[in-house]
Amino acid sequence: MKNIIRLFSNVLRDVKLNNVPSRRPDGSYSWTHGQLDILKGYSFNKMKEFQLEIRQLSFRRESLLVDMLNMQNPASNIEQLGNKETRHLETATEKEENRFKNSKLELDQFEEDLFNRGICLPHQNDTDQTNRSEAKKKPRGLKLRAVLILIGIWFIVELFMTYAQWNSLREFKGIEGLVVRSLSFGVVLLMIHLVPHEISNFTKRIYYIFVGFCVLMLVIMLFAPLILYLIYPPETGFTTLQDQWTITGMMDSVQESPSSHYPLWVRFYMSFEVAPAVLCVLFYIIIYVSAQIQKKLRAEEPDAPVVESEHAGPRDSLADGLLKKREQLRAKIRECDTSIAKLKKEASDSLASNTESLNGILNILQSKKEEIFGIEERIADLKVEMECELKNVEKELDVYKTEYTDILRSDQTRSQYVTPEWPERIDVVNYYKV
Amino acid sequence: MKSKITICLLIMAMLSVLNGCGSFSECREMQQKEVLILLDVSDPRLFKEIQEDLMANFGGFMSGTDFGSIDNCQCLNLSVAYLGGREALEMASASISITRKGLSRTEQKELANPAPLVKLIRSKMEEFEKLSQTPEMTEESYIATVVIKSIVHLNHDAESMILVFSDMVENNQTINFYRQIPPAGEISSVTEKMIDPVLLKQFRDRMVEGMDTRIIIVQKPEPADKTQLREVKEFWAAFLKELKLDGQVQFIDNLSNPVEL
């Protein structure tokens with residue numbers, strides 16, 4: 001209410017004093033007292049505050065952006081240095097690995113050469129870490145894994161086969177018989193599977209004979225019962241229950257089992273169907289043990305004659321020389337191995353530290369980015385509030401305009417000579433300088 | 001090396017398990033079934049008729065009862081005794097059983113074959129045929145005592161059946177149906193006279209314990225027609241009722257008659 005009265009009195013005053021709102025030749029707006037009163041009202045300070053805050057926030061945002069840009073260089077530098085170092089280490093590692101392979105080859109060649117020449121150097125405690133690490137690298141669990149895979153496959157196949165043949169199997173086999181039958185198949189499959197892993201112990205010929213034998217036993221186990229049961233059907237000649245209980249004069253003895261008429265070998269096989277599996281196991285044991293014995297005998301052979309020079313001293317003998325050479329080769333291999341491990345560790349350490357630095361930079365950038373987002377949000381909020389204030393001011397200016405026009409219209413003389421010009425938004429904005 | 005040891009240990013464990021498998025397939029408890037056949041040898045003509053009935057109808061009768069076949073963990077024990085001039089119960093027995101589970105169907109059929117039991121019956125029939133011609137057996141007849149003894153003697157835990165082949169004409173110093181068949185009113189005193197008190201007490205104790213016994217009486221007509229079948233049957237019905245056995249007894253003419261078991 002107070003504001004309306006004040007506004008109205010301002011309008012009256014402006015009209016009486018001939019204070020007409022107009023536009024200057026340069027395009028800028030000339031405010032009347034009443035309009036200035038409105039502009040300088042409570043909104044003035046607020047707008048100024050908003051303006052100041054926006055300026056401060058913008059300034060902060062700019063400085064954050066500059067900081068972020070400035071961080072790009074260190075990050076790039078770290079990345080480049082890191083890549084360079086990694087490449088260098090990779091090259092060095094590759095070189096060492098090649099050296100290692102060559103040394104290993106050289107050692108193998110040397111030992112083969114000694115073997116071919118019939119020279120048997122005394123065994124030394126093998127402290128060669130490389131060999132041990134090589135042995136460790138060898139998949140020790142391979143055989144066990146292969147066995148477990150085989151057991152899994154056998155189980156699934158046996159389950160299916162037993163299910164498919166359940167009725168006919170149960171006719172002639174009890175549960176124990178079925179289990180033993182399945183297991184005997186599994187054992188033969190295991191023997192066939194194990195042998196390739198033992199191939200170093202067997203000669204090729206023995207290997208092929210053994211595998212062929214096992215396959216033959218498998219075929220026998222699969223088909224022999226079917227064939228025998230066809231030729232010698234195990235019918236017991238049972239009749240109906242009534243016939244079984246009928247008392248006649250002709251039944252002098254309990255019905256003989258028809259199987260008593262079968263040949264001996266048929267009766268043996270029918271009662272001991274796992275015989276082929278047992279034979280496979282026995283065969284495997286025999287050839288494995290013989291291979292082990294052969295290996296042991298070969299190792300225990302009297303030492304090949306060591307070449308002695310006529311004036312042999314401890315240091316000058318051929319054996320010592322060869323031993324020394326072998327040790328050198330082994331030492332070289334060990335050195336390569338250590339060096340490879342060291343380089344790999346260096347590479348991983350360098351990578352880790354570079355990653356850590358980059359992560360740190362990334363975190364800083366992230367926090368600055370979040371701050372910028374916060375500033376922009378705040379600026380947007382301030383602009384919205386400024387907009388509201390501008391609208392309030394414009395509303396009041398419109399009221400002023402309405403009153404001024406009304407009063408001017410009532411004064412006919414003045415209205416002929418006076419043509420007020422009214423402000424636009426841009427004029428208000430320019431006044432507040434926002 | 002380790003894998004070889006592991007494999008060997010696995011195989012040994014498997015073998016041990018297989019070795020112990022037998023205990024899994026053994027039956028923990030055997031269900032018992034018993035059949036007792038009492039053949040009256042007090043008259044050769046009667047015995048011949050009994051023989052003919054057995055040879056013609058025994059197969060069909062047994063195949064129609066639960067006692068005709070056995071399953072896993074069941075045992076059927078068959079005994080044969082005579083009814084004649086002695087009070088003694090002289091039984092010969094044979095049995096068939098399936099003591100394990102998980103056998104093949106062929107093995108099951110083989111073990112469930114009642115041939116040994118049929119062989120026993122046949123051999124006893126041959127023996128009793130001769131016995132039925134001896135004066136010792138034909139002069140007297142102790143039916144009640146032998147039947148009660150057989151009830152007392154049966155396995156308490158078994159599901160049992162007694163097959164009595166007889167004309168049911170009691171003929172001894174205590175009771176003689178040829179002279180007089182005691183009336184129903186005197187049945188309690190007659191029972192005490194016919195059965196030894198000790199035996200009667202054993203029988204009553206047995207009844208208290210409970211029993212799962214069926215009694216099938218294949219009553220043949222007296223060969224000389226000296227007694228009335230109906231009167232004899234009435235006496236035994238009253239007698240068995242007195243002993244509280246009436247719910248478990250059935251009278252038939254021959255084994256081809258249907259029975260409820």
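**Entry 1: surface and make-up of chain A**

I began with the accessible surface of chain A, which comes to about 29,000 Å², with 59% of that belonging to carbon and sulfur atoms. I noted that this is a predicted model. Next I looked up the secondary structure: chain A has 14 helices and 2 strands. Of its 434 residues, buried ones make up 30%. I also checked the contacts with a separation of 6 or more in chain A, and residues 24 or more positions apart account for 81% of them.

**Entry 2: a helix pair in chain A**

I wanted to see how two helices of chain A sit against each other. Two packed helices are described by the angle between their axes and the distance between the axes. For helix α8 (residues 204–231) and helix α11 (residues 275–300) of chain A, I have an angle of about 170° and axes 9 Å apart. That makes α8(A) roughly antiparallel to α11(A), because an angle over 145 degrees counts as such.

Which residues of α8(A) and α11(A) make the contact? From α8(A) I listed A:Ile206, A:Ile209, A:Phe210, A:Phe213, A:Cys214, A:Met217, A:Ile220 and A:Met221. From α11(A) I wrote down A:Pro276, A:Ala277, A:Leu279, A:Cys280, A:Phe283, A:Tyr284 and A:Ile287. Sorted by type, the residues of this contact come out as 15 nonpolar, no polar and no charged. I made a side note on the spacing: an α-helix has 3.6 residues a turn, so residues three or four places apart point the same way.

**Entry 3: over to chain B**

I then turned to chain B, where I find 10 helices and 6 strands. It has 261 residues, and 48% of them count as buried. The exposed area of chain B is about 12,600 Å², with carbon and sulfur atoms supplying 49%. Among the contacts in chain B with a separation of 6 or more, 80% come from residues 24 or more positions apart.

**Entry 4: a helix pair in chain B**

Here I looked up helix α8 (residues 187–194) and helix α10 (residues 229–242) of chain B, which pack at an angle of about 80° with their axes 10 Å apart. This makes α8(B) roughly perpendicular to α10(B), because that label covers angles from 65 to 115 degrees. On the α8(B) side, the contact uses B:Ile187, B:Ser188, B:Val190, B:Thr191 and B:Met194. On the α10(B) side, I noted B:Phe235, B:Trp236, B:Ala238, B:Phe239 and B:Glu242. The residues of this contact divide into 7 nonpolar, 2 polar and 1 charged.

**Entry 5: helix α7 of chain B**

Why do I call helix α7 (residues 143–153) of chain B largely enclosed by the rest of the structure? I call it that because 9 of its 11 residues are buried. The buried residues of α7(B) are B:Ile143, B:Ala144, B:Thr145, B:Val146, B:Val147, B:Ile148, B:Ser150, B:Ile151 and B:Val152.

B:Ile151 turned up again when I looked at B:Met211. Leaving aside neighbours within four places in sequence, B:Met211 is in contact with B:Ile151, B:Arg206, B:Leu245 and B:Gln248. B:Met211 lies in the loop between α9 (197–209) and β5 (212–219) of chain B. I count B:Met211 as buried because its relative accessible area is 17%, under the 20% cut-off. I also looked up B:Met211 with B:Asn155: they are 56 residues apart in sequence and 9.0 Å apart in space, C-alpha to C-alpha.

**Entry 6: the loop between α3 and β2 of chain B**

I checked two residues here. B:Thr65 lies in the loop between α3 (44–63) and β2 (74–83). Is B:Thr65 buried or exposed? B:Thr65 counts as buried, at 9% relative accessibility. Its side chain reaches the backbone oxygen of B:Met62 at 3.0 Å.

B:Cys73 also has its place in the loop between α3 and β2 of chain B. B:Cys73 is a residue other than glycine with a positive phi, near 60°. At 14% relative accessibility, B:Cys73 counts as buried.

**Entry 7: two exposed residues**

B:Lys244 is not a glycine, yet I noted a positive phi of about 60° for it. I found B:Lys244 in the loop between α10 and β6 (249–252) of chain B. With a relative accessible area of 61%, B:Lys244 is exposed.

My last look-up was B:Pro135, in helix α6 (residues 135–138) of chain B. B:Pro135 counts as exposed, at 52% relative accessibility. B:Pro135 and B:Asp43 are 92 residues apart in sequence, and their C-alpha atoms are 9.6 Å apart in space.

Key. Residues are numbered from 1 along each chain as its sequence is written. Chains are lettered from A and ligands numbered from 1 in the order in which they are written. This is a predicted model: local features need pLDDT of at least 70, side-chain atom pairs count only at pLDDT 80 or more; totals for chains, interfaces and linings use all residues. Side-chain values use heavy atoms; hydrogens and water are left out. Helices (H or I, at least four residues) and strands (E, at least two) are DSSP runs, numbered from the N terminus. Buried means under 20% relative accessible area, exposed over 50%, partly exposed in between (1.4 Å probe, protein chains only). Contact means heavy atoms within 4.5 Å. Accessible areas come from the Shrake-Rupley method with a 1.4 Å probe; for residues, only the protein chains shown count as cover. A polar contact is a pair of N or O atoms within 3.5 Å; within protein, one must be able to donate a hydrogen and the other to accept it, and residues adjacent in sequence count only if both atoms are side-chain atoms. Axes are lines fitted to C-alpha atoms, for helices over the stretch in contact, and angles run from 0 to 180 degrees between N-to-C directions. Angles under 35 degrees count as roughly parallel, over 145 as roughly antiparallel, 65 to 115 as roughly perpendicular and the rest as oblique. Ala, Val, Leu, Ile, Met, Phe, Trp, Tyr, Cys and Pro count as nonpolar, Asp, Glu, Lys and Arg as charged, and the others, Gly among them, as polar.
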